[in-house]
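Me: I have a protein model on my screen and would like to read it piece by piece. Can we go through it with short questions?

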Amino acid sequence: MVLGSKIPSVRGNVTWLSDVEAKDAKNYADMVSGMSATMVEDQARTSDPSVILSGFEGEMAFCKIHNVFHFKSSESRSWDAVVDGKYVDVKTTPVSHGSLLVKYGGERQPAELYALMIKSGRKFTYKGYVTAKQMFDPKNLGDLGYGPVWVVGQEDLVPKIIGATGWVWGET
């Protein structure tokens, strides 16, 4: 259960962040945002606190759903979690029909898997994953108006929990 509520913390591919987790995410995002703002522009991924916060919350939610440890770090690396021995980069969007996006250049230091989380307030829905080979297929290179980006639609994601066997979404 989420602390202070009657909502379960994980139900299938959906989870909610508790008050404590939300506060932890905010503190972390503020710290990373402050650090990014002092970096040379091409070294900083972003200094927008809301983008950093959303991404970090999505990583936390992904880890809750997959029951794995979240690797909090201010260092730049190509992955956010290790699930079933695979390095996973978690991407988060507030757009319910949004796609899995990886910045152009991400192919130079790929994670093994890329996962998509949809954020709606404190509710996060895991949509699925693709392998690095699938993500960086030349057919997935596009431009959404901000320069080149790797794009995979939700319909092309593997819609299951990574490493899970015999588990079906919706089971109680």
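Me: Is Asn67 buried or exposed?
Reply: This is a predicted model, and in it Asn67 lies in the loop between α2 and β3. Its relative accessibility is 70%. Exposed means over 50%, so Asn67 counts as exposed.

Me: What is the phi of Asn67?
Reply: Asn67 is not a glycine. Even so, its phi is positive. The value is about 55°.

Me: Where is Asp84, and is it buried or exposed?
Reply: Asp84 sits in the loop between β3 and β4. Its phi is positive, about 55°, although Asp84 is not a glycine. The relative accessible area is 58%. The cut-off for exposed is over 50%, so Asp84 is exposed.

Me: How many helices and strands does the protein have?
Reply: Start at the N terminus and read along the chain. The elements run β-β-α-α-β-β-β-β-β-α-β-β. That comes to 3 helices and 9 strands.

Me: Which strands are the edges of the open sheet of 6 strands?
Reply: The order across this sheet is β1-β2-β7-β6-β4-β3, with mixed pairing. An edge strand pairs on one side only. The edge strands are β1 (10-11) and β3 (81-83).

Me: Which residue in β6 is the bridge partner of Asp89?
Reply: Strand β4 covers residues 86-93, and strand β6 covers residues 113-120. The two run parallel and are joined by 6 bridges. In β6, the partner of Asp89 is Tyr114.

Me: Which side chains of β5 point to one face and are buried?
Reply: Strand β5 spans residues 100-103, and its side chains alternate. Leu101 and Lys103 point to the other face and are not buried. The buried ones are Leu100 and Val102.

Me: Which residue in β9 is the bridge partner of Leu100?
Reply: β5 and β9 pair in the antiparallel sense. They do so over 4 bridges. In β9, Leu100 has as its partner Val152.

Me: How far apart in space are Val149 and Leu101, C-alpha to C-alpha?
Reply: Val149 is in strand β9, residues 148-152. Among the residues it touches are Leu101, Val102 and Leu144. Val149 and Leu101 are 48 residues apart in sequence. In space, C-alpha to C-alpha, they are 6.7 Å apart.

Me: Why does Val149 count as buried?
Reply: Buried means under 20% relative accessible area. Val149 therefore counts as buried, because its relative accessibility is 11%.
The value to remember for Val149 is 11%.

Me: Is Asn140 buried or exposed?
Reply: Asn140 is in the loop between α3 (132-135) and β8 (141-143). Its contacts include Met135, Val149 and Trp150. The relative accessibility is 11%. The limit is under 20%, so Asn140 is buried.

Me: Which side chain makes a polar contact of 2.5 Å with that of Glu57?
Reply: Glu57 is in helix α2, residues 49-66. It is buried, with a relative accessible area of 8%. Among the residues it touches are Leu17, Ala25 and Phe124. The side chain in the polar contact belongs to Lys119.

Me: Which element gives the most to the largest nonpolar core?
Reply: The largest nonpolar core has 25 residues. Phe62, Val88 and Tyr129 are among those with the most contacts inside it. Elements that give two or more residues are α1 (19-37), α2, β3, β4, β6 and β7 (123-131). With 8 residues, the top giver is α2.

Me: How many residues are in the other core?
Reply: This core lies apart from the largest one. Its members include Ile118, Val130, Ala132 and Met135. The number of residues is 14.

Me: What percentage of the residues are buried?
Reply: The protein has 172 residues. It exposes about 9900 Å², of which carbon and sulfur atoms supply 53%. The buried residues make up 42%.

Me: Over which residues does pLDDT stay under 50?
Reply: The mean pLDDT of the protein is 83, and 78% of its residues reach 70 or more. One stretch stays under 50, and the model has 2 contacts for it beyond four places in sequence. That stretch is residues 40-44.

Methods
Residues are numbered from 1 along each chain as its sequence is written. This is a predicted model: local features need pLDDT of at least 70, side-chain atom pairs count only at pLDDT 80 or more; totals for chains, interfaces and linings use all residues. Side-chain values use heavy atoms; hydrogens and water are left out. Two strands pair if DSSP finds at least two bridges between them. Buried means under 20% relative accessible area, exposed over 50%, partly exposed in between (1.4 Å probe, protein chains only). Contact means heavy atoms within 4.5 Å. A polar contact is a pair of N or O atoms within 3.5 Å; within protein, one must be able to donate a hydrogen and the other to accept it, and residues adjacent in sequence count only if both atoms are side-chain atoms. Accessible areas come from the Shrake-Rupley method with a 1.4 Å probe; for residues, only the protein chains shown count as cover. A nonpolar core is a set of buried Ala, Val, Leu, Ile, Met, Phe, Trp, Tyr and Cys residues joined through side-chain atoms within 4.5 Å. pLDDT is the predictor's confidence in each residue, from 0 to 100.
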